[in-house]
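I have a new model open and a blank page beside it. These are my notes, in the order I looked things up.

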Amino acid sequence: MPRRLLPLAVTPALLLATAGAAHAVEPAPPVAPAVLMSQVVTMTNQQRAANGCGQLAVDRELIVASVRQSWYMARTGRFSHVWNDGTTFVRRSHQAGYEQPSGENIAWGYRTASEVVGAWMASPRHRANMLNCGAHSIGTGVVYAANGVPYYTQVFGWE
């Protein structure tokens with residue numbers, strides 16, 4: 001009987017899990033990155049509403065910039081807003097096609113969206129990015145490192 005093949009979605013997490021380990025099988029992350037990304041947006045908008053700000057629209061280009069940042073941190077283990085080559089969130093956003101980014105939040109190690117949003121809200125600088133009522137757009141990225149640690153990014157925009 002022939003094997004039935006299912007469609008496979010290639011994601012940054014899948015690339016990380018398979019890079020350099022052609023025959024090793026990595027366990028699936030406990031929560032899919034897309035689910036966490038959506039939850040982070042929802043919870044961020046709930047915090048904004050509770051604090052008098054309008055809802056952020058999800059922007060495709062900001063998602064690209066966010067996923068690239070999370071992928072970089074997960075791949076390198078380097079937790080920083082600035083890459084080794086000097087690239088910042090502004091440049092990453094421009095490279096993704098978004099012209100007016102307003103801020104970036106990063107985090108790692110939190111197992112749930114609730115935990116990471118709670119940590120950002122408890123940090124004055126991260127909270128300020130999330131509750132900047134002048135921002136209109138958001139992109140989120142979640143990528144699991146090969147060891148299963150999640151890396152999170154939010155990029156906010158003026159447009």
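**Notebook: sheet, core and disulfide**

I began in the middle of the sheet, where Gly139 stands opposite Val155 in strand 4. A reminder to myself: this is a predicted model.

*Entry 1, strands 3 and 4.* I followed that pairing along and got eight bridges between strand 3 and strand 4, in the antiparallel sense. Thr140 is also in this ladder, with Gln154 as its bridge partner in strand 4. The two strands make a hairpin with five residues between them, and there Gly148 takes a positive phi near 90°.

*Entry 2, the other side of strand 4.* Which strand pairs with strand 4 over seven bridges? I found strand 2 there, again antiparallel. I noted two positions along this ladder: Ile106 stands opposite Thr153, and Pro101 stands opposite Gly157.

*Entry 3, strand 1.* Strand 1 runs parallel to strand 3, and two bridges join them. Ala57 stands opposite Ser137 of strand 3 here.

*Entry 4, the whole sheet.* Putting the pairs together, I have an open sheet of four strands in the order 1-3-4-2, with mixed pairing. Strand 1 and strand 2 are the edge strands, each pairing on one side only. Helix 2 packs on the sheet and touches strand 1, strand 3 and strand 4, its direction making about 145° with that of strand 3. Helix 3 packs on the sheet too, touching strand 1, strand 2, strand 3 and strand 4, and its direction makes about 30° with that of strand 3.

*Entry 5, burial of the strands.* I wanted to know how many residues of strand 4 are buried. The count is eight of eight, so strand 4 is largely enclosed by the rest of the structure. In a regular strand the side chains alternate between the two faces of the sheet, so I checked each face in turn. On one side of strand 4 I have Pro150, Tyr152, Gln154 and Phe156, on the other Tyr151, Thr153, Val155 and Gly157, and all are buried.

Strand 3 also has eight of its eight residues buried, so it is largely enclosed as well. Its faces are both covered: Ser137, Gly139, Gly141 and Val143 lie on one, Ile138, Thr140, Val142 and Tyr144 on the other. For strand 2, an edge strand, I got seven of eight residues buried, so the rest of the structure largely encloses this strand too.

*Entry 6, the nonpolar core.* Which residues have the most contacts inside the largest nonpolar core? They are Val40, Val116, Trp120 and Tyr152, in a core of 29 residues. Helix 2, helix 3, strand 2, helix 5, strand 3 and strand 4 each give two or more residues to this core. Helix 5 (113-122) supplies the largest share, five residues. I then took Val116 by itself: leaving aside neighbours within four places in sequence, it is in contact with Val40, Ala107, Tyr110 and Tyr152.

*Entry 7, the disulfide.* I found one disulfide in the structure. It joins Cys53 and Cys133, with the sulfur atoms 1.9 Å apart. Cys53 sits in the loop between helix 2 and strand 1, Cys133 in the loop between helix 6 and strand 3, so the pair, 80 residues apart, links distant parts of the chain. With -70° about the S-S bond, the link is left-handed.

Are the two cysteines buried or exposed? Cys53 is buried at 7% relative accessible area, because buried means under 20%. Cys133, at 41%, counts as partly exposed.

*Entry 8, the chain overall.* Last, I stepped back to the totals. The chain has six helices and four strands, and from the N terminus the elements run α-α-β-α-α-β-α-α-β-β. Of the 159 residues, 41% are buried. Among contacts with a separation of 6 or more, 70% are between residues 24 or more positions apart. The accessible surface comes to about 8,700 Å², and carbon and sulfur atoms account for 58% of that.

Notes
Residues numbered from 1 in each chain as written. Heavy atoms only, no water. Buried < 20%, exposed > 50% of the residue type's maximum accessible area, 1.4 Å probe, protein only. Contact = heavy atoms within 4.5 Å. Areas by Shrake-Rupley, 256 points an atom, 1.4 Å probe, with all protein chains shown as cover. Disulfide = S-S within 2.5 Å. Core = buried A, V, L, I, M, F, W, Y, C linked by side-chain atoms within 4.5 Å. Pairing = 2+ DSSP bridges. Axes fitted to C-alpha atoms, helices over the stretch in contact; angles between N-to-C directions.
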